[in-house]
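Biologist: I should like to understand this structure step by step. Please define each term when it first arises.

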Amino acid sequence: MTSVTPVIVHPPDESGGRRVRVAGTILGLAYSTRDVAAFLQEAGLQGWDDLDVVRSDLIEWRGGGPEVWTY
């Protein structure tokens, strides 16, 4: 059985932005954990902030954790 992570934050691109994907849909390009939190709030996770993003097991960070924002 495979585990499914509903939120994927992809590696930084050339601009330092990271695509944020939820359930297969790209929500946008984030440049900070604050941006990720804003996308998740728009997706229905009201009340999420930077610390929730950093601590959550619902988020799979690819190409580095929440501290990595440069290519």
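Modeller: Two strands pair if DSSP finds at least two bridges between them. Helices (H or I, at least four residues) and strands (E, at least two) are DSSP runs, numbered from the N terminus. The model is predicted, so local features need pLDDT of at least 70 and side-chain atom pairs pLDDT 80 or more, whereas totals for chains, interfaces and linings use all residues. Residues are numbered from 1 along each chain as its sequence is written, and side-chain values use heavy atoms, with hydrogens and water left out.

Biologist: Which residue in the turn of the hairpin formed by E2 and E3 has a positive phi?

Modeller: E2 and E3 pair in the antiparallel sense, over five bridges; in this pairing Arg19 stands opposite Leu29 of E3. Two residues lie between the strands of the hairpin. The one in the turn with a positive phi, about 50°, is Ala23.

Biologist: What is the order of the strands in the open sheet?

Modeller: E1 and E2 run antiparallel and are joined by three bridges, while E1 (residues 7-9) and E4 pair in the parallel sense, also over three bridges. Val7 stands opposite Val22 in E2 and opposite Ile59 in E4. The pairing in the four-stranded sheet is thus mixed, and the order is E3-E2-E1-E4.

Biologist: Which strands are the edge strands?

Modeller: An edge strand of this sheet pairs on one side only. The two that do so are E3 (25-30) and E4 (59-61).

Biologist: What angle does the direction of helix H1 make with that of E3?

Modeller: Helix H1 (residues 33-42) packs on the sheet and touches E1, E2 (18-22), E3 and E4; contact means heavy atoms within 4.5 Å. Axes are lines fitted to C-alpha atoms, for helices over the stretch in contact, and angles run from 0 to 180 degrees between N-to-C directions. The angle between H1 and E3 is about 150°.

Biologist: Which residues of E2 lie on its covered face?

Modeller: In a regular strand the side chains alternate between the two faces of the sheet. In E2, the uncovered face has Arg19 and Arg21. The covered face has Arg18, Val20 and Val22.

Biologist: Is His10 buried or exposed?

Modeller: Buried means under 20% relative accessible area, exposed over 50%, and partly exposed in between (1.4 Å probe, protein chains only). His10 lies in the loop between E1 and E2, and, leaving aside its neighbours within four places in sequence, is in contact with Arg18, Arg19, Arg21 and Arg62. Because its relative accessibility is 8%, His10 counts as buried.

Biologist: Which side chains meet in a salt bridge?

Modeller: Side chains of opposite charge can pair when their charged atoms come close. A salt bridge is a side-chain nitrogen of Lys or Arg within 4 Å of a carboxyl oxygen of Asp or Glu, and the count by this rule is one. At 2.7 Å, N to O, the side chains that meet are those of Glu60 and Arg62.

Biologist: Why is the pair of Trp61 and Trp69 edge-to-face?

Modeller: Rings of Phe, Tyr and Trp (its six-membered ring) pair if their centres lie within 6.5 Å; planes under 30 degrees apart count as stacked, over 60 as edge-to-face and the rest as tilted. Trp61 is buried at 18% relative accessible area, and Trp69 is buried at 16%. Their ring centres are 6.3 Å apart and their planes stand at 85°, so the pair is edge-to-face.
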